[in-house]
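Q: I would like a close look at one part of this structure, the place where the metal ions are held. Please take me through what surrounds them and where those residues sit along the chain.

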Amino acid sequence: MAALELDLFLCRTDNFGVLLHDPQSGATASIDAPEEKPILEALERRGWTLTHILTTHHHGDHVAANVALKERFDAIIIGPAAEAASIPGIDQSVRHGERFDFAGHPVNVIETPGHTAGHICFYLPQDKLLFAADTLFALGCGRLFEGTPETMWQSLSRLLALPDDTTVYFGHEYTLSNARFAVTIDPDNAELKTRAAEIEETRCDGGFTAPTTIGLEKRTNPFLRAADPKIRSHLGMEGASDAAVFAEIRKRKDNF
Ligand code: ZN
Ligand code: FE
């Protein structure tokens, strides 16, 4: 099986567009569809034809181009069963634990409620790829619009269980502000400090901070590190549950 090819670009102001392409069959998926024009430009630049849209959740900045792209390419839209009613053009709805096939590559559906009640992530175990959209960001996580901190913590724990060498694409280039916040929660983490400095440079040069890996996030993303003794003592929450520590970190970020 040939390796999948990826193309990453910016849509709207800070949404990532990602195309996933199987060179053998020509199948090409857009992970979410934030904006038609940059997706068309990326397809054109690569010489790819869109066959699928994989929708992670119902927010407008993730489904805006669903219908236009479907009309243009007759692309199949696969999205979360729990939000099917609010996903424009959806053809196939999928649930937690379901597996479907993208050009011979298995795709596992991981439900990660919290940002929205039905948010899903797409995990390709053979390709070691995760599309986390607005659940997990580089050094951050999605805002809790439709879920409690407990729910989101459970969702993030599902992603934490994936292999460290999983490559993670995510929904927004929010990494610079995430990094500036992260160092206030985990100030003694040397790897985080180094990473934060690199991010300042990357963003200053106009580069993207995606993708990341599960391993790197585990070591540096404070939202995944609620169990860390240093973070707990920094927050004065030594005896609290992981979910409670996560909730405190999320609250601080909301007010950062
Ligand atoms: Zn969203
Ligand atoms: Fe979003």
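A: What follows is an account of the metal site, taken one ion after the other.

The model is a predicted one, and the distances and angles below are computed from it. The zinc ion (ligand 1) is coordinated by His57 through NE2, His59 through ND1, His115 through NE2 and Asp134 through an OD atom, at 2.2 to 2.3 Å. Along the chain these donors follow the spacing H-x1-H-x55-H-x18-D. The pair His57 and His115 links distant parts of the chain, since His57 lies in the loop between strand S4 (52-54) and helix H2 (60-63), while His115 lies in the loop between strand S8 (105-111) and strand S9 (120-124), 58 residues apart. His57 counts as buried because its relative accessibility is 0%, and His115, with a relative accessible area of 4%, is buried as well.

As for geometry, the four donor atoms around the zinc ion subtend angles of 85 to 174°, and the arrangement is therefore irregular. The reasoning rests on a cut-off: four donors count as tetrahedral only if all angles lie between 85 and 135 degrees, and the range around the zinc ion reaches 174°.

The iron ion (ligand 2) is coordinated by Asp61 (OD), His62 (NE2), Asp134 (OD) and His172 (NE2), at 2.1 to 2.4 Å. The angles among its four donor atoms run from 85 to 169°, and this site, too, is irregular. In sequence, the donors of the iron ion are spaced as D-H-x71-D-x37-H.

Asp134 appears in both sets of donors, bridging the iron ion and the zinc ion, which lie 3.0 Å apart. His62 lies in helix H2, whereas Asp134 lies in the loop between strand S10 (129-133) and strand S11 (136-137), so this pair ties together parts that are 72 residues apart in sequence. Both His62 and Asp134 are buried.

Taken together, the picture is of two ions that are 3.0 Å apart and are both coordinated by Asp134, with the zinc ion also held by His57, His59 and His115, and the iron ion also held by Asp61, His62 and His172.

Definitions and conventions
Residues are numbered from 1 along each chain as its sequence is written. Chains are lettered from A and ligands numbered from 1 in the order in which they are written. This is a predicted model: local features need pLDDT of at least 70, side-chain atom pairs count only at pLDDT 80 or more; totals for chains, interfaces and linings use all residues. Side-chain values use heavy atoms; hydrogens and water are left out. Donors are N, O and S atoms within 2.8 Å of the metal (3.2 Å for Na, K and Ca); water is not among the atoms, so sites may look incomplete. Four donors count as tetrahedral if all angles lie between 85 and 135 degrees; four count as square planar and six as octahedral if opposite donors are over 155 degrees apart and all others between 65 and 115; anything else is irregular. Helices (H or I, at least four residues) and strands (E, at least two) are DSSP runs, numbered from the N terminus. Buried means under 20% relative accessible area, exposed over 50%, partly exposed in between (1.4 Å probe, protein chains only).
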